[in-house]
Amino acid sequence: MSILVNKDSKVIVQGFTGKEGSFHAEQCIDYGTNIVGGVTPNKGGQTHLGQPVFNTVAEAVKATGATVSMIFVPPAFVGDAVMEAAEAGIELAVIITEGAPVKDMQAAKAHATKHGMMTIGPNCPGVITADECKIGIMPGMIFKKGNVGLISKSGTLTYEGANQVCNEGYGITTAVGIGGDPIIGLSYNQILPMFEADPDTECIVMIGEIGGDLEIQAAKLIKEQITKPVVAFIAGQTAPKGKTMGHAGAIVSGSAGTAKEKMEALEAAGVKVVVSPAEIGKAVKELLSK
Amino acid sequence: MNIHEYQAKQVFAKYDIPVPKGIMVESVKDAVIAAEELGGPVWVVKAQIHAGGRGLGGGVKLAKSLDEVEELANEILGMTLVTHQTGPEGKLVQKLYIEDGADIQSELYLSVVLDRKLEMPLIMASTEGGMNIEDVAENTPELIVTVPVDPAIGFQGFHGRELAFGLGITDKAEQKNIITFAQKLFKLYMENDAEMIEINPLVRTGKGEFIALDGKMGFDNSALGRQPEIAAMRDLTEEDPDEVEAAHYGLSYVALDGEIGCMVNGAGLAMGTMDTINHMGGTPANFLDVGGSANAETVAKGFEIILKNPKVKAIFVNIFGGIVRCDRIANGIIEATKITDVNVPVIVRLDGTNAPEASEILKNANIANLIVGNDLGDGAAKAVAAAKGN
């Protein structure tokens, strides 16, 4: 078992024939991802990487029965692409593109929610279920199959965390990079319960960052709903205070979003909090060998 | 991206949002000419820097004669203004805004920001203007009114009523004035991809009108491409020159005051590397994210920028290659040692995509001062030891 995606997930790629889309779609296919087609306007009817290209997501869904979309379109078109996927009946959109305007993501996420479509990202490495399905840009070889679920805001810390878990002799069920933009799709509080419900996941690694209060909300949820052991690292304990002009954002969230505040909240919720990412693997080992 | 007060007021004026008359100047002579043109009888001489708290720092002063304008312009222009938002090093004042004095009956606070939890913009207001809004939120949160506005429906009448009644405004003409003001501000926020607009103080005049006496505005960097007028307002002199140069090469750099230079891929791992160094008793000299498209040239540039800092005693290169290929980073390190005189120990930890090839490249290059870190913890420990001369 796993969460979100597996070997049977039918995946299309929006921005299929572009440079980034092509490169990473090919890597995903090599990993074993069931990519059934892609979308690039005005290239419908062509074949790319051995799969059909469609002009619209609606056509692609109708022809292939795809339920997941991996989005690689340029930043200015991300909002449009997400809304198109939502209306076409896609169930999960994984948005890799970096630099999408916040206003566009705000509208796109609201529209996705209205149509019951889950989103991951933007500006994230994607999601991977080890040995089954990779939807994103992570190096597949470091994710060995195992019993640890991983959620991270940061891309490279996802790799670091997964690598350490595997080096300790364990492995990954599913790893999700949720991204760190102001508006993101699935977050800790949607994904943690999925790992709790997944029989194969026995331990959860959660990697956060300074800013916002998603980790504080996660601490509350963990205390109330999560029975599996959780290891957490919050990046940015030594980061300098942001050079912001106004402080309205911090007042809105009711927290300053410091690493210290988040680490304390997680510790109080019974989470094993490590002070350096170099200790993630050891902490997982400690919890799983109990 | 942030803009100056005088620029924010230009944008306000474009949306018909009332602001006092004012002129931006860059010399004392022009300050007096501007004051003459505005007419007086009172003027405010305001330092233009990208930071709040200017008044308390001595950067905003009232003048009652042209002589006083000259005197104050002389005093403020060229000063290094230190406020709670500039850091102890302060900011050099290179521009002044000479403004008409306003008829102030009371001071309010008004801002528009993104509420990340509600995932929509939020209008925030308070009767306690002119003060640090964080203190108001801390001490008297009941005096802050918040009105979220869903962009799908836009600014409706009820949003305006919630705002006006929330601020305790009972006069009908005043209610209409504040509602119109907020409506225009929300329109500006949406149309310009603003990230944050803050007016503190928002002044209520004796006639019951509302005027933006100050204006701070920040914009979504990802949207600047479609906001050319806003993008043109960028003032590079307000930004750190090393950070600007780094950004030109696709590097994200922030100087810190420690001894270990860091070069990492990904912001999260970069922060995690700094945290690890700190935890092991060392001090990071900088944050540097080489980004996803790192190549030999950008890595060499990164070395050059890090080595400009004389405090650097060791460099820790920590790469976990996903999209970034480790062999390219290895070639970049070799390139850097050819171009720049790398006279400090360099600890290199390369993992992920093409790491074995990279390790081979570095081994064959025979670079003096190069130490291999086996993993994050090992690399950080070696960097800390090297910086201490061990």
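Which exposed residues does the face of helix 2 of chain B turned away from its buried side carry? Keep that in mind while you set up the view.

This is a predicted model, where local features need pLDDT of at least 70 and side-chain atom pairs count only at pLDDT 80 or more, while totals for chains, interfaces and linings use all residues. Residues are numbered from 1 along each chain as its sequence is written, and chains are lettered from A and ligands numbered from 1 in the order in which they are written.

**Stop 1: helix 2 of chain B.** Select residues 28-38 of chain B; helices (H or I, at least four residues) and strands (E, at least two) are DSSP runs, numbered from the N terminus. The answer to the opening question is B:Lys29 and B:Glu37. Exposed means 12 or fewer other C-beta atoms within 10 Å of the residue's own, buried means 20 or more, and C-beta atoms are placed from the backbone. Now colour the buried ones: B:Ala31, B:Ala34 and B:Ala35. Look down the axis and they fall within an arc of 100° (judged by directions from the helix axis to the C-beta atoms), so they line one face of the helix. Show strand 2 (22-25), strand 3 (43-47), helix 3 (66-76) and strand 7 (96-100) of chain B, and you have what those buried residues pack against. Just past the helix, click B:Gly39, which has a positive phi of about 100°.

**Stop 2: a helix pair in chain A.** Select helix 3 (78-87) of chain A and helix 4 (102-114) of chain A. Their axes, lines fitted to C-alpha atoms over the stretch in contact, are 8 Å apart at an angle of about 5°. That makes the two helices roughly parallel (angles under 35 degrees between N-to-C directions). Among the residues making the contact (C-beta atoms, placed from the backbone, within 7 Å) are A:Val82 and A:Met83 of helix 3 and A:Ala108 and A:His111 of helix 4.

**Stop 3: the two domains of chain A.** Colour domain 1 (11-120) and domain 2 (138-288), bounds that come from an automatic or database domain assignment. Their centres, taken over C-alpha atoms, are 27 Å apart. Each domain puts 8 residues into the contact. On the domain 1 side, helix 4 of chain A gives the most, with 4 residues.

**Stop 4: chain A against chain B.** Bring both chains back: the contact takes 47 residues from chain A and 55 from chain B. Helix 4 turns up here too, one of the elements giving two or more residues to the chain A side, along with helix 5 (155-167), strand 13 (230-235) and helix 8 (248-253) of chain A.

Conventions
Two residues are in contact if their C-beta atoms, placed from the backbone, lie within 7 Å. Axes are lines fitted to C-alpha atoms, for helices over the stretch in contact, and angles run from 0 to 180 degrees between N-to-C directions. Angles under 35 degrees count as roughly parallel, over 145 as roughly antiparallel, 65 to 115 as roughly perpendicular and the rest as oblique.
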